[in-house]
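This report describes how the strands of one sheet are arranged and which charged side chains pair with one another. It is meant to be read alongside the sequence and the coordinates.

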Amino acid sequence: MAKYYKMMFKKIFYAILIFSVLSCNTNEKPKKPTKHKITSTDKPLVKWQQGYLDIHHINTGSGNTTYFIFPDGTTMLFDAGSLDKKKFEEKYAPLKSTAPVPDSSKSAAEWIAAYIKKVAPENKKSSIDYALISHFHEDHYGSFTALGKTIPFGKIIDRNSPTLDFPLDLRDYLKEDEIFKDYLSFLSTNNTSAEALIVGSDSQISLLNAKDTYPNFRVRNIKSNATIWTGVKNETFTYFTAKEMTNFYKGGYNENPLSLALKISYGDFDYFTGGDNTGLQGYGLPKWFDVETPIAKAVGKVEVTTLNHHGNRDATNSFFVETLNPEVVIQQLWCSDHPGQEVYQRLIYQNDDTEERDLFTTNMHPETLVTYGPWFRDNYKSLQGHIVIRVQPDGTYKVIILDEKTLTPKQEFGPYLSKNE
């Protein structure tokens with residue numbers, strides 16, 4: 001009997017083994033190639049050259065700042081944040097904000113100015129062609145006027161100038177807001193003006209130096225206030241009214257869902273950025289609070305996206321992630337509750353239709369890592385540093401992480417290949 005069981009055991013064992021081998025050979029999906037990574041601490045960042053599209057996500061520890069150098073050398077600023085760390089932590093305890101970066105020896109505006117002067121083309125170190133404010137929150141424009149006094153702006157674009165009347169009279173509603181008053185004073189004192197983003201336009205922001213040389217470069221204005229591009233020609237629609245918003249907020253309003261949104265295209269490469277636009281659905285919120293869904297329908301797939309509202313829980317909904325389907329995600333952080341865990345889950349979820357995403361963040365707060373644990377940390381390619389996207393004329397691009405003090409590359413990821421979709 002023992003001999004019989006021994007023989008049967010062998011037969012079962014070999015049957016299982018053969019089945020396993022066949023299963024592996026027939027059902028296993030080919031693994032995607034690992035992204036090429038270069039670690040370097042002794043070579044400076046290769047300077048911008050004609051034909052490059054450089055996108056610099058600058059980490060000051062005080063909010064969002066993104067600096068663009070277009071293929072012909074035209075430059076653009078999208079936000080310049082600054083945060084009153086002490087005031088924030090007193091108001092929102094026990095949340096913690098990130099420390100000033102590289103340190104507190106200079107203001108955020110001074111660090112931003114130093115960075116831009118270091119990386120800008122030689123003829124653009126003393127000016128910025130386009131300067132945009134996504135919306136009127138200090139972590140997005142708290143350094144704007146101070147920076148403009150150091151590096152003059154060409155065209156200034158915000159969500160509602162010159163009327164500043166949506167969804168309320170902002171001059172009255174924000175009359176006690178020191179940053180907003182400083183902005184108005186800056187415009188008046190410098191004898192300059194700001195204009196509203198023209199939604200649907202792909203000509204308001206354009207190449208100023210060699211437009212005909214790069215016909216495959218475009219900045220498309222996707223959204224401002226309650227107006228959203230349809231995705232067809234220059235057509236737009238109104239998603240909600242001022243009254244709907246002020247009624248919901250009982251005479252007040254919310255800046256976040258009024259944020260600007262842009263899509264920047266260079267050949268097959270597409271990039272999205274959208275300030276603090278919101279996308280949460282349900283929970284007693286009005287349908288229009290989800291501005292991400294109609295935005296995503298207009299934008300379509302991109303190679304790289306920033307996270308709306310820093311990855312907060314009221315943004316980056318499933319439809320937005322699945323529709324944009326980015327290969328690279330940039331998260332601009334400054335608070336211990338960035339990102340929401342459910343947002344993170346949406347980003348790392350994989351099926352047959354989703355890209356394998358590489359996640360990068362400018363400044364992950366230490367308390368966030370303690371809360372979420374190593375499984376969270378291990379899915380980020382980089383947790384700290386300036387993040388540079390460099391796009392080549394052939395559509396390939398790299399992600400370069402810079403040390404905040406030296407602006408020396410710490411890591412390089414890529415090359416990634418843009419997809420024509």
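In this predicted model, nine strands make up an open sheet with mixed pairing, and their order is β10-β9-β8-β11-β12-β13-β14-β15-β16. The edges are held by β10 (236-238) and β16 (380-382), each of which has a single partner strand, so one side of each is left without a neighbour in the sheet. From one strand to the next, the twist averages 25 degrees.

**Strand β8 and its partners**

As general background, the strands of a sheet pair through backbone hydrogen bonds, and this pairing may be parallel or antiparallel. Strand β8 (residues 217-224) pairs with strand β11 (residues 261-266) in the antiparallel sense, over six bridges, and it also pairs with strand β9 (residues 227-229) in the antiparallel sense, over two bridges. The individual residue partners can be placed along these pairings: F217 stands opposite Y266 in β11, the bridge partner of N221 in β11 is L262, and S224 has T227 of β9 as its bridge partner. The connection between β8 and β9 is a hairpin with two residues between the strands, and N225 in the turn has a positive phi of about 55 degrees. Because seven of the eight residues of β8 are buried, this strand is largely enclosed by the rest of the structure.

**Helix α3**

Helix α3 (residues 108-119) offers a check on its geometry, because its twelve residues should span 16 Å at 1.5 Å a residue, and its end C-alpha atoms are 17 Å apart, which agrees. The buried residues of the helix are A108, A109, W111, I112, A113, Y115, I116 and V119. In general, an α-helix has 3.6 residues a turn, so residues three or four places apart point the same way.

**Salt bridges**

The structure holds 15 salt bridges, and the table lists examples, with the separation given between the closest N and O atoms.

| Acidic residue | Basic residue | N to O separation |
|---|---|---|
| D129 | K124 | 2.6 Å |
| D172 | K175 | 3.6 Å |
| E355 | K419 | 2.7 Å |

How do these pairs stand with respect to burial? Both D129 and K124 are buried. In the pair formed by D172 and K175, by contrast, D172 counts as partly exposed because its relative accessibility is 45%, and K175 is likewise partly exposed, with a relative accessible area of 45%; both values fall between the 20% and 50% limits that bound this class.

The salt bridge between the side chains of E355 and K419 can also be followed along the chain. E355 lies in the loop between α11 (341-348) and β15 (358-361), while K419 lies in the segment after β19 (409-417), so the pair ties together parts that are 64 residues apart in sequence. E355 counts as buried because its relative accessibility is 8%, whereas K419, with a relative accessible area of 32%, is partly exposed. Elsewhere, salt bridges that share partners join D202, R218 and R220 into one network.

Notes. Residues are numbered from 1 along each chain as its sequence is written. This is a predicted model: local features need pLDDT of at least 70, side-chain atom pairs count only at pLDDT 80 or more; totals for chains, interfaces and linings use all residues. Side-chain values use heavy atoms; hydrogens and water are left out. A salt bridge is a side-chain nitrogen of Lys or Arg within 4 Å of a carboxyl oxygen of Asp or Glu. Buried means under 20% relative accessible area, exposed over 50%, partly exposed in between (1.4 Å probe, protein chains only). Helices (H or I, at least four residues) and strands (E, at least two) are DSSP runs, numbered from the N terminus. Two strands pair if DSSP finds at least two bridges between them. Axes are lines fitted to C-alpha atoms, for helices over the stretch in contact, and angles run from 0 to 180 degrees between N-to-C directions. The expected span of a helix is 1.5 Å times one less than its number of residues.
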